[in-house]
Amino acid sequence: MKGLLQVLAVMIGFLVASGEIARRWGDAHFIPLALDDLCISAALFWAAWRARDHGPGPLVAAWGLFSGLMLMLLSVNANYLIHDMPKAGRVFYTVILAAMLGLGLWATWRSLLLTEERTRR
């Protein structure tokens, strides 16, 4: 299971980073606007790498950070949907962010279970 969580961390980290770079490329405010997503991607990459030697602890931290970011982004985007404010792709973004939050919470939970198993040994 740890291997699956590591592969997912790399895949999701790549998707989040590449999506944010594609979305913000050419914007004068690229760094401040994309910094949160790029930091989460870096945390996921770091956790996938460090989990080999240090167990699932780094995965818990990275997936927890990812889930927190997704929750924050979901609440911001859902506000447009709930209050019927105009925004391009508001339904699409809300659905995708909800799915990513679900994935992040599942991965955090599985990482925590791996941590518990490791402490029992």
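**Exercise 1. A span from 60 to 80**

Over residues 60-80 of this predicted model, find how much of the chain is helix and how far apart the end C-alpha atoms lie.

*Solution.* Start with the secondary structure: the chain over residues 60-80 is 100% helix and 0% strand. Next, take the two end C-alpha atoms, which are 31 Å apart. Now bring in the record: the unreviewed UniProt entry annotates residues 60-80 as "transmembrane region", along with 29-48 and 92-113. For residues 29-48, the end C-alpha atoms are 29 Å apart, with 95% helix and 0% strand.

**Exercise 2. Checking the length of α2**

Work out what span helix α2 (residues 30-54) should have at 1.5 Å a residue, and compare it with the model.

*Solution.* Helix α2 has 25 residues. The rule is 1.5 Å times one less than the number of residues, so the expected span is 36 Å. The end C-alpha atoms are 34 Å apart, which agrees. Then look along the helix: α2 bends by about 45 degrees at Asp36. Just past its end comes Gly55, with a positive phi near 80 degrees.

**Exercise 3. The surroundings of Asp36**

Is Asp36 buried, exposed or partly exposed, and which residues does it contact beyond its neighbours within four places in sequence?

*Solution.* First place the residue: Asp36 sits in helix α2. Its relative accessible area is 30%. Buried would need under 20% and exposed over 50%, so Asp36 is partly exposed. Beyond the sequence neighbours, Asp36 contacts Leu69 and Met72. Leu69 is 33 residues away in sequence, yet the C-alpha atoms of the pair are 7.9 Å apart. As for the rest of the helix, the buried residues of α2 include Asp37, Ile40 and Arg50. Among the elements covering the buried residues of α2 are α1 (2-24) and α3 (57-82).

**Exercise 4. Two residues to contrast**

Decide whether Ser67 is buried or exposed, and do likewise for Asp84.

*Solution.* Ser67 belongs to helix α3. With 6% relative accessibility, Ser67 is buried. Its contacts, leaving out residues up to four places away in sequence, are Leu101, Gly104, Leu105 and Thr108.

Asp84 lies in the loop between α3 and α4 (90-120). Because its relative accessibility is 56%, Asp84 counts as exposed. One last step concerns the backbone. Most residues other than glycine have a negative phi. Asp84 is not a glycine, but its phi is positive, about 50 degrees.

Methods. Residues numbered from 1 in each chain as written. Predicted model: local features only at pLDDT ≥ 70, side-chain atom pairs only at ≥ 80, totals over all residues. Heavy atoms only, no water. UniProt positions renumbered as here; feature names shortened; annotations may be inferred. Helix = DSSP H or I, 4+ residues; strand = E, 2+ residues; numbered from the N terminus. Bend = angle between axes of the 7 residues up to and from the residue. Buried < 20%, exposed > 50% of the residue type's maximum accessible area, 1.4 Å probe, protein only. Contact = heavy atoms within 4.5 Å.
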